[in-house]
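Me: Could you take a close look at one part of this structure for me? I would like to start with the second chain and its two-domain arrangement, and then see how that part sits in the whole.

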Amino acid sequence: MKVLVIGSGPIVIGQSAEFDYSGAQACKALREEGVRVVLVNSNPATIQTDRDVADRIYIEPLTPEFLEKIIAKEKPDALLATAGGQTGLNIAMELFRKGVLKKHNVEFLGTDADSIETAESRESFNRLMERIGIPVLPGRVVKSLEQAKSFSDGNGFPLIVRPSFTLGGTGGGTAHDENELETILGQALRLSSTGEALVEKSALGWGEFEYEVVRDARGNAEIICNMENIDPMGVHTGESIVVAPSQTLSDRDHQLLRDASLRIVNAIGIKGSCNVQLAMNQQTGEYVVIEVNPRLSRSSALASKATGYPIARAATKIALGKSLPEIKNAITGTSAAFEPSLDYVVVKIPRWPFDKFPKTPRTIGTQMKSTGEVMAIGRTFQEALSKAIRSLEVKIPRDLDADRHLNPPTDQRLFAILESFRQGKGVELLHQKTGINRWFLRRMEEMAQLEKRLAGQKLSRELLLSAKRAGFSDSAIARLTGQEELEIRSVRKSFGIIPTYKIVDSCAGEFEAVTPYFYSTYEEENEAGEWKGKKVVVVGAGPIRIGQGIEFDYCCSHAAFALRDMGYRSIMINNNPETVSTDFDSSDRLYFEPLTFEDVMNVIENENPEGLIVQLGGQTGINLAQRLEEAGAKILGTPIEGIDKAEDRDRFSELAEKLGIPQPENGIAMSEAQALEVASRIGYPVVVRPSYVIAGRAMEIVRNESGLRSYIAEAVEVSNRKPVLIDRYIENAIECEVDAVSDGKNVFIGGIMEHIEPAGVHSGDANIVLPSIRLSDDEKKKIREFTEKLAHALGIVGLINIQYVVKGGTVYILEANPRASRTVPFVSKAIGLPLAKLAARAMLGEKISLEKPRQKCYAVKSIVFPFLKLLGTDIKLGPEMRSTGETMGLGESFEIAYYKALLAAGVGIEKERPAAFLSLRDQDKHCVPEFASLLKRLGFAIYGTMGTVGPVEGAVGVAKIGQGHPDVLDLIDSGTVNLVVNTPTRGGLAHTDGFRMRKASIQKGIPCITNITTAFELMKALDRLEEEFEVRTVEEWRG
Amino acid sequence: MKAVLALKDGTVLFGTGFGAKGERVGELVFNTSMTGYQEALTDPSYAGQILLMTYPLIGNYGTNARDRESGRVHPSGFAVRQVSPDREHREADNSLQAFLGQHGIPAISGIDTRFLVRHIRDKGVMPAIISVSDQEINAKQLVERLKGFDYSSVDFVSQVSTPEPVVYGKGRKVALLDFGAKLGIARELVKRGCEVHMLPCHTSADKIKELEPEGIMLSNGPGDPSIPGYAHRTIRNLAGYCPMFGVCLGHQLIAHAMGGSTYKLKFGHRGSNHPVQDLQKGRVAITTQNHGFAVKELPKGFELTHVNVNDGSIEGMRCRDKGIFSVQYHPEASPGPHDSGQLFDEFVRMM
């Protein structure tokens, strides 16, 4: 039997790493049953696209056209539609509706297409609920504003507006009046794939609960986990702080919701997994069902990690026709037919990207804005909450203006509540303001009280133990008691207060667990007892955030696999519930813990490993390395000294000079005056940024003195301890980067990747091609030479990523990262060699045998941006990273690969009646004639600003915004144009025409390209579209 | 308040006391239900036992007038990881602390309950003593006091059964033999149009026949099923008289009465997540369980109808000739899933 599994594509807000986790687990479950798996995903940074996860792997755009080609070629017997999130499900449904599956005799595995349709369409779902007597909120599916208004006339405001068939609540919102209804509904109707939206009475303030159900074809059904949103209705569950199991439901309440969930799932006819969202008015006991997700979901991933029950595995076996009692519980060896019992508390907190988008409104609501999440486990609610907070790796704001964050809620609400309690505000007041159940508020109030006790009393053993049992970190206790963290650590140890590790076993200890999946707490018995053998700890990557995404989890997982292959015992420490690395069988021991010095060091002291791998989890591990080493841990691979030399701009600069590697002129400034002086010495434009950064936070290209002054005033704080780095910005240069692995002697260069955009776009946001297309042999030779020199000089053992800029035959070095980079999975897939595994092997002393990479095709990495979710953010790109995910396109030519990568990233060009709107900045205007003639040849109608298209024959010049109609906004809104090319001028002001134009195109869902090079390359690719696209497996492409 | 929980094997845990002051002995057992502590505390099957909840946070939603399975709290002591200092629920009329205090039950919190669960899982259930006091507690002496306690020698049924008959509902007459019945059983039957006569456990078969019931319900209850010989006799004399349905202890008593046997499980099944497979239909139900003993051999003429998916133990049996069927688990739920309520329908249909 051959089964096609559809993945979920690039990471976007609302659809993150959880689908790599569930998809990979599904593939494994299928292959255990002897099924051959054909996997399709456009995201290279996934474990599921690894050679050893599926039999035939396609990295191709996830569009129905490409899927049909793959189906025609592979002739699978069946399709698994429910492991690829909403993206995978939507495509599968489209293939079903178009008759593609029938034509090729492909069976729909698991929950039937009809059942999925019932669950996904509001109208049929509500009808079904009415039939089985499950209450729903009054609502109506509408196709127009008139219909919505007639509903609001009868039901009043606030109303929730939700487009059908979108993910993460995209385009939805809460409308408090008719004006808001008009705006939100307009957006929702545009985004819905069926042109429908649901307008629904709001249950604002009710408690929100989720039930994760698994049901087999025989009708056996069970609840794997119930979860309670601490943020009541009105905040998307993906944006809510969630606790599992529920804390405020009595058994009577719980059984009411459990019964409802089971009846719903039975009525739909789920064969696999389903998430049921319910709301309960906790004053009256009334409840309603909000919606269901008839597939694996973010919640099912969370529930799996929270309980230890592998939902994706069970759902897949069910899809193959197995019944629940026939499936084994991999954790206890008993049957999968049971409901997990927890003897701990789990807290999930979303990770928001507002640190990257300082201008975006921080309010949270019915639409997702978070990029990732953390999960923490404790024996008390406070312990789990405290651990989750420190897992976020965010700076906890002090002296917050609390009232501004309570209602409407922002990402800082939790901190605002704690701050309010510190200020002596009461539970009742906060309950009124936030609607959060008093039980949770009281626990938070207790935390504030405990802080006071710590600050005011002598630190007795009893007090310290209470603080540790409430999850307080040593560093928090140190801050409150005016001591150093290490002092607290040693006092704590002298009191004999050391963490004990407990097992997550799905059964509250009733049966012996065979899977060592641990969390820390402060009690009597340590279940992570002595364990002999050669052990290595892998420090994970933590929550998915912009700049540190799934790529790093991919690398950590690979390290664990490599360790196992080499006969080491792998120990993973991580706190991201969405990922493969925290699957219970990815490593030999899993510690679900925050990634702070204290928590990591505690695990090290418990395990006493041979060493630690810190360089694969992004900046997280690197930032901890020095302290861990000082405390006695052994860092494997590149020594701390080498890491520091690469990270410290001054030392790095010195080293480059010593090695004779050219760098753009640069300098360091400790004050504004110094910055101005350095910049004038180097000459504008300059790139400025603070030292020690993740993903170019607060990095900017500044073109003159006033720009530099305002950057320093607005964006950063400059001081002796926090200097600002200033580099000359080399204009119109080619930027490229290298991922290499070194064993200390041999340096293996995975590939020289070339950025398609000119230098200045953050490497994480750039479209990248491998192999390079514009570099000369001589330039490539230099790059190789510099890479080797630098790797040797830094003592790299493991991975290094180096960024270069090439102009006029000179290769300049920009920076070196002594760690895994986000391009490692992309390069690995392109050349067919697992760089992260090689790095892990090198770190354990293995020599790298140098094979020449084999790659007969072009590979292009493209990216996706979260702008639709973060309206109010300008989409122009620069040296700050803003993308959430990536796609890979493979083809015989660069153009084809590039087009496929863009297509996979959602940049599709209308073929029927193409029309482009051009508005270019002055320095790009010389490109207009050539670009316009290319557009014309491709049949585009051309519109544009007078300044841009004035000289173009046949082009329609359009009025500036506010100077008559139709203007560009009208053209976008009316659907007249379906491609916008707008290269922004300086200044990020929200009222500029460019900003409004870009925002409108995002809302309308049409591609908006902000870089002229990108636009050119896209058109060139379109020019070649006459050729039939061919689908091939990754290995076939590589040749 | 200070509190100590001491086990017969010398394991001693120090914690914080709540509920009532005092010292009580019982067999230490654990329950894995994450909700439903009030229903469990008022379940007469826990007589003679110290109940430990595996879920660490207990008391969050307080206690109320509705969720009681009897008029009393039956376990001799209660052990949790953390008791909520306050309660939050629309129905709550009391805190768990006050509720236990009023019922005179000592309770302990702040101990490593998971350690105890694993200990019991490895060593089997064992006698334990709980002590709650304002004063320092001498743990050594406590263990001494456990010497005379033998759970399996006590007839707990006689202690918890109703002294006088009680009638619930209106309709078809059902005799409910109270061996320690949860009110949920009567509730389920009343819901299905029955007039439930809850009878003392010592009621003779003749007395029951005088009532002319259409069905006989044998309840759950505490203790070793081999002890109440009077119940075995009654059941034997009633077998075949009219449809008979037994749950939990009632099921085990039928086994003894009709010539089968029971055995003591190492640490029992107590929780709301136990999978039971119906052998006829092939379906699995998630059930509430609370038993330390199980049926070993079916009586002659009985067929096996249900098994535990986890350990294969006997969960249900039936004798078609005599119209008797019984299950080891709790179709009345409370606490726990309602997945098996149809067994009551079946019973009423048979009447």
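Reply: Happy to; here is a walk through chain B, followed by its partner and the places where the backbone deserves a second look. Please keep in mind that this is a predicted model. The predictor gives the complex an ipTM of 0.98 and a pTM of 0.94. For chain B the average pLDDT is 97, and 100% of the residues score at least 70.

Let us begin with the two domains. The domain assignment splits chain B into domain 1 (2-149) and domain 2 (156-350). Taken over C-alpha atoms, the centres of these two domains of chain B are separated by 27 Å. Where they meet, 22 residues of domain 1 of chain B are in contact with 26 residues of domain 2 of chain B. On the domain 1 side, β3 (22-31), α1 (37-41) and α3 (113-123) of chain B each supply at least two residues. The largest share of that side comes from β3(B), with 3 residues. By class, the domain 1 side that touches domain 2 of chain B has 8 nonpolar, 10 polar and 4 charged residues.

Next come three loop residues of chain B. G148(B) sits in the loop between α4 (139-144) and α5 (156-160) of chain B. Is this glycine buried or exposed? G148(B) has 8 other C-beta atoms within 10 Å, so it is exposed, given that 12 or fewer is the cut-off for that class. From C-alpha to C-alpha, G148(B) lies 9.9 Å from P127(B), and the two are 21 residues apart in sequence.

The other two loop residues stand out by their backbone angles. Most residues other than glycine have a negative phi, and most peptide bonds are trans. E212(B), in the loop between α7 (205-211) and β13 (215-218) of chain B, has a phi near 55°, a positive value in a residue other than glycine. S334(B) also has a positive phi, near 30°, and is found in the loop between β19 (324-327) and α10 (342-350) of chain B. What sets their surroundings apart is the neighbour count: E212(B) has 10 C-beta neighbours inside 10 Å and therefore counts as exposed, whereas S334(B) has 27 and so counts as buried. The cut-off for buried is 20 or more.

Now to the partner chain. Between the chains, 44 residues of chain A are in contact with 39 residues of chain B. The elements that give two or more residues to the chain A side are α9 (251-268) and α16 (438-456) of chain A. Of that side, α9(A) gives the most, with 6 residues. The chain A residues that touch chain B divide into 12 nonpolar, 16 polar and 16 charged.

Chain A itself has 36 helices and 38 strands. Its radius of gyration is 28 Å, close to the 31 Å that the globule rule gives for 1039 residues, so chain A is as compact as a globular protein of that length. Along the principal axes, the C-alpha atoms of chain A fill a box of roughly 75 × 70 × 60 Å. Buried residues make up 63% of the 1039 residues in chain A. Of the contacts in chain A between residues at least 6 apart in sequence, 70% join residues at least 24 apart.

The core brings both chains back into view. In soluble globular proteins, nonpolar side chains tend to be buried together. Here the largest nonpolar core has 427 residues, and those touching the most other members are V5(A), L278(A), V538(A), A559(A), I613(A) and L176(B). Helix α20 (residues 550-565) of chain A contributes the largest share of this core, 10 residues. Leaving aside neighbours within four places in sequence, V538(A) is in contact with residues including C556(A), A559(A), A560(A), I613(A) and L616(A). A second, separate core of 17 residues includes F151(A), I160(A), I184(A) and L191(A).

Finally, chain A has two cis peptide bonds to look at. One runs from Y684(A) to P685(A), with omega near -5°, and P685(A) lies in the loop between α25 (672-682) and β24 (686-690) of chain A. The other runs from L770(A) to P771(A), also with omega near -5°, and P771(A) is found in the loop between β29 (768-770) and α27 (777-794) of chain A.

Technical notes
Residues are numbered from 1 along each chain as its sequence is written. Chains are lettered from A and ligands numbered from 1 in the order in which they are written. This is a predicted model: local features need pLDDT of at least 70, side-chain atom pairs count only at pLDDT 80 or more; totals for chains, interfaces and linings use all residues. Two residues are in contact if their C-beta atoms, placed from the backbone, lie within 7 Å. Helices (H or I, at least four residues) and strands (E, at least two) are DSSP runs, numbered from the N terminus. Ala, Val, Leu, Ile, Met, Phe, Trp, Tyr, Cys and Pro count as nonpolar, Asp, Glu, Lys and Arg as charged, and the others, Gly among them, as polar. pLDDT is the predictor's confidence in each residue, from 0 to 100. A nonpolar core is a set of buried Ala, Val, Leu, Ile, Met, Phe, Trp, Tyr and Cys residues joined through C-beta atoms within 7 Å. The radius of gyration is taken over C-alpha atoms; the globule rule is 2.2 Å times the number of residues to the power 0.38. Domain bounds come from an automatic or database domain assignment.
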